[in-house]
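Trainee: Please take one part of this model and go through it closely. I would like to start with a cavity and its lining, then move on to the aromatic rings.

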Amino acid sequence: MALNAASHNPTGEKTGPVSGQPPSASLETTAALLGASKDDPMGQHESSQDRGDKEAPKKMKSGKELDRERKKAEKQKKFDDKKAKSATASTVPATSKTKEKKAKQESAKEEPLPEFEWYVGTGKKKEPRSFEDPLYKAYIPKAVESEWYAWWEKSGFFEPEFGHDGKVKSKGYFVIPEPPPNVTGSLHMGHALPNALQDTLIRWNRMRGLTTLWLPGCDHAGISTQSVVEKMIMRQDGKTRHDLGRPALIEKIWEWKVKYHANINMALKRMGGSFDWTREAFTMSPTFTKAVTETFCTLHEEGLIYRSNRLVNWCTALNTSLSNLEVDNKELEGKTLLEVPGYEKKIEFGVLTHFQYEIEESSEKIEVATTRPETMLGDTGIAVNPNDERYKHLVGKYATHPFVKRRLPIFTDDYVDVNFGTGAVKMTPAHDPNDFEIGKRHGLDFVNILNDNGTLNHSAGDFEGAKRFDARYEVIKRLKEKGLYVKWENNAMNVPICQKSKDIIEPLMKPQWWMKMKGGIADAAIRAVRDKEIVIRPEKSERDYFRWMENINDWCLSRQLWWGHQPPAYFVNIEGEPGDDADGDRWVTGRTLEAAEEKAKANFPGKKVTLTRDPDVLDTWFSSGLWPFATLGWPEKTPDLEKLYPTSMLETGWDILFFWVARMIMFGVKMTGQVPFTEVYCHSLVRDSEGRKMSKSLGNVIDPLDVMGGITLQALHDKLKVGNLDPKELETATRFQQTSFPDGIPECGADALRFSLVNYTTGGGDIAFDIKQMHGYRKFCNKIYQATKYVLGKLDSSFKPQRYPTRSGNESLAELWILHKFNTATAEINAALAAREFSQATKISYEYWYNHLCDVYIENSKSIIQDGTPAEQESAKQTLYTALEGGLTMIHPFMPFLTEELWQRLPRRPDDTCPSIVLATYPEHNLKLDDSASEEAYELILAVSRAIRSLAAEYAIKESANIHIQLFTPRAHSTCEAQLLSIKSLSGKPMLGSGASISLLGANDAKPAGCVAQAVNAEAACYLLIKGRVDIDAEINKAKARLVKANEGVSKQRKIMEGLEKAGKMQGEVAETEARRLEDARREVGVLEGSVSQFERLNLE
């Protein structure tokens, strides 16, 4: 059960992912390590035979070594036979790591793994499989990650744990309401990222002993879901929603919801999300309907929700109004052709069209300009600036409309800019926000020329029935025929586009429900953040929040859809009296129909009334805005609401800060009297490898399931065909997939996916998706898997862990070092997660596992465990156990499946009855494990060893190296003297051979002749004898080049210190650290100067 076949690389160098038995240590190395084991039990199994040392004298081999070589020979022979190579070897050939790795890969190809698919499990605890099982010999994500989730869920590990008194635990609670995914289809990476971040925090806080709740749920997503289902029905049956009728369409949408809701939940479970599914919510559930009704009625009764006939953003493709947040503004620099749904040819935008109106009873004309020529059919006036001398004689007169019987009054208004266009502005108050306000001031007629579907109505005269943009070109044509057309010119402008349909938005007058924001519920929401009741991170997002909230407009609540919450609002029909839908006085609200009828009777006493419910639905964000408290049972006073509200955190993308977060704050403060959460963390957006926003039409939307399980390129193509892409979009999407995933997507597993996404999150800019990086973290998972597998192979059934992870007092220097590194990592990772420095937290855990535990300590504990005294072996095993157990619990929040699989295989400490790593205690900083002195001493040993390997590699000295180590402090000298044999072992191949030697020099000793040097730090330098073994002239040139760089380093460090001094920051630890860096840089210069001098003297000899 060795860690890695390539793991006998020199310490500090990366090992490969292939697992296998490491070669045994030579007797010389073993003796050297055991001689210093009390102070440093480090070493490597590196036999002279495997190193190919032809000159080394033959040494007697132990029985274990001979047995290993026999097994290796048998394995090699089996492989040779399979490859039909007639080779009968009586001894084991010296096989390179590359050949050995290739042989294993070939062997793996010949023995395909059994078919296996991930499954959630039955709820029964998973029994660990033998490492000899084909699915568990190496790390295979789908095998490791199967079965655990159902057991976790059934065991209730994800439900909040309360104290014996029924209240939250003494350490407090941590609650996150999951941002509910839309029930429009499958999840994508934009869902995977926040889920990875949130579950990391939930698992971390659960392990820290807090009462935790991650509350799941889905959003009905009115526009998106209805649009998707309508397209499906049209594609399958050729019918519109009007053909089906409202009840039948709603039934179809519920069927869709059931199917895709289940798919979404299974994907969340596949990712390992520790949701409490017993509290799952849905924004169209009876509980939510009650919350929506209560909120709407309360705010209407207080006058904060009102009825008004105002301009809305109208999408003709979706046939509904939209909020400003659902509209994108496309910037144009000039004439541009854009695709518009429903038109075969592209439509022209970014053009200012000039034309004339004739003045009534006069031969004069007045020139106006517009970017939307078709809207002139709804013109009802012409405005000029009161100070514009050109038009003063026309003020008070009328212009005549060329196509409809309409007189257009000419009037003055300060809004008009005399320098824009012609200085005369056509007024279309029913189709332009600015004209709307001016029209109200001057009493203009409001003439709507558009039907809801984007065709022109009867008010457009002869143009009735024409599509709006067809009418644009026809209007220009007829103006030319009448001699009223003047010219066109380029005009920079913004074109409003619907985010969902990509249709061009039309300002259209509609009677709708509106919510008062300024002077209403927005003010309290601003104060909550300004007073730090809610902290928004990063700071940029907080600034964006204030900028938007302080310039907020009233919110249009109505949507002309069928899927969603109908407002509890009823129009009062009075027998014998006509009614205006826009008249707010003719509407009543009620928590029940009976309550609304009572209000109507009270408002219109003595009259016969009937009620008609508003057929529209509310903006999806209205119900979503109630999410943090409605999910806990509001408006009922439930135990959850009493104990777990306000929630702790809302983690989401910055792009819905205004759509959702601001509205939750407004509703929370208004309806509950408390903030809905105390912290908001806005993560970055996941973009594709080219930095583009993910879009189905581009083919760059990545399904997390495909990353976790892997998928072929053809299967990716096939998934595109299932969607609603048109042929052109399908071609673009297919091309992107071929370029980005030529070999498909490899299986990465949930743990690697989660770790990658958390690692991406720096709090800075958006994230560029990189499948190679995710696959790289699968290799990191393999590193952890193989490390644990190796350790378990060394802990036999007689091994009993200590009761607590503390020091016994018998630890060697290497053990003290790894315990200190673990303790330091524990403190740093807790601090990083508390500060929401997600990327830093993953880097700390990666550094501990990869560079400290695996590549140093595990590697260098092998000799002691194999050949040390019983006491030395026991100490090394206890330290291994503590370092491994702590490492698994430390990384569990990022990698739940892998850590559970491995943790369950570990022997338990006495009295430890914890059933799952999910509930294990998260490691915390322990002062008793702090040992900076041992860390510093051992780091010196590692640094010296690295310097020796580096020098030998640079000058191609493969063996029998002659090394001198010069020590400049008594501490460094005593440390290296005590660890001399360990240094030789750690230095690797260069120190093999009968001619190899290491000697120590004092600070005042002369620099050895014929040597090249490398500074280790301010305390040490290494010298390698090269006289007679290399080209001296070439080395002089190399040394001089390095000296130039070293001098530059000294200058750079001085400038850094000068800058810190000016800023007043050269104090305390900063001053000590920077001074040490300068001293190290100067020491390197001194060493190199000595080397150049030595080389030059060598040339004179």
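Mentor: The lining of the second largest cavity divides into three nonpolar, two polar and four charged residues. This is a predicted model, and what follows is computed from it. The residues that line this cavity are R372, E374, T375, H431, I449, L450, L456, R468 and E506. By class, I449, L450 and L456 are the nonpolar residues, T375 and H431 the polar ones, and R372, E374, R468 and E506 the charged ones. The space inside the second largest cavity is about 50 Å³. The count of cavities of 30 Å³ or more comes to two.

Now the rings. Across the whole structure, a search finds 43 aromatic pairs. One of them joins Y149 and F158, with 5.5 Å centre to centre and 55 degrees between the planes. The pair counts as tilted because its angle falls between the limits of 30 degrees for stacked and 60 for edge-to-face. Both Y149 and F158 are buried. Beyond single pairs, one aromatic cluster is formed by F296, W513, W555, F571, W587, F622 and F667.

Rings also take part in contacts with charged side chains. K467 places its charged end over the ring of Y343, at 4.2 Å from the ring centre. With arginine, the example is R1083, whose charged end sits over the ring of F968, 4.0 Å from the centre of that ring.

Notes. Residues are numbered from 1 along each chain as its sequence is written. This is a predicted model: local features need pLDDT of at least 70, side-chain atom pairs count only at pLDDT 80 or more; totals for chains, interfaces and linings use all residues. Side-chain values use heavy atoms; hydrogens and water are left out. On a 1 Å grid over the protein atoms alone, a cavity is a set of points where a 1.4 Å probe fits but cannot get out, and a pocket is an open set with protein on both sides within 12 Å along at least five of seven lines; lining residues have an atom within 4 Å of a point. Grid points are joined across faces, edges and corners, and a volume is the space filled by probe spheres set on the points. Rings of Phe, Tyr and Trp (its six-membered ring) pair if their centres lie within 6.5 Å; planes under 30 degrees apart count as stacked, over 60 as edge-to-face and the rest as tilted. Buried means under 20% relative accessible area, exposed over 50%, partly exposed in between (1.4 Å probe, protein chains only). A charge sits over a ring if NZ of Lys or CZ of Arg is within 6 Å of the ring centre and within 35 degrees of the ring normal.
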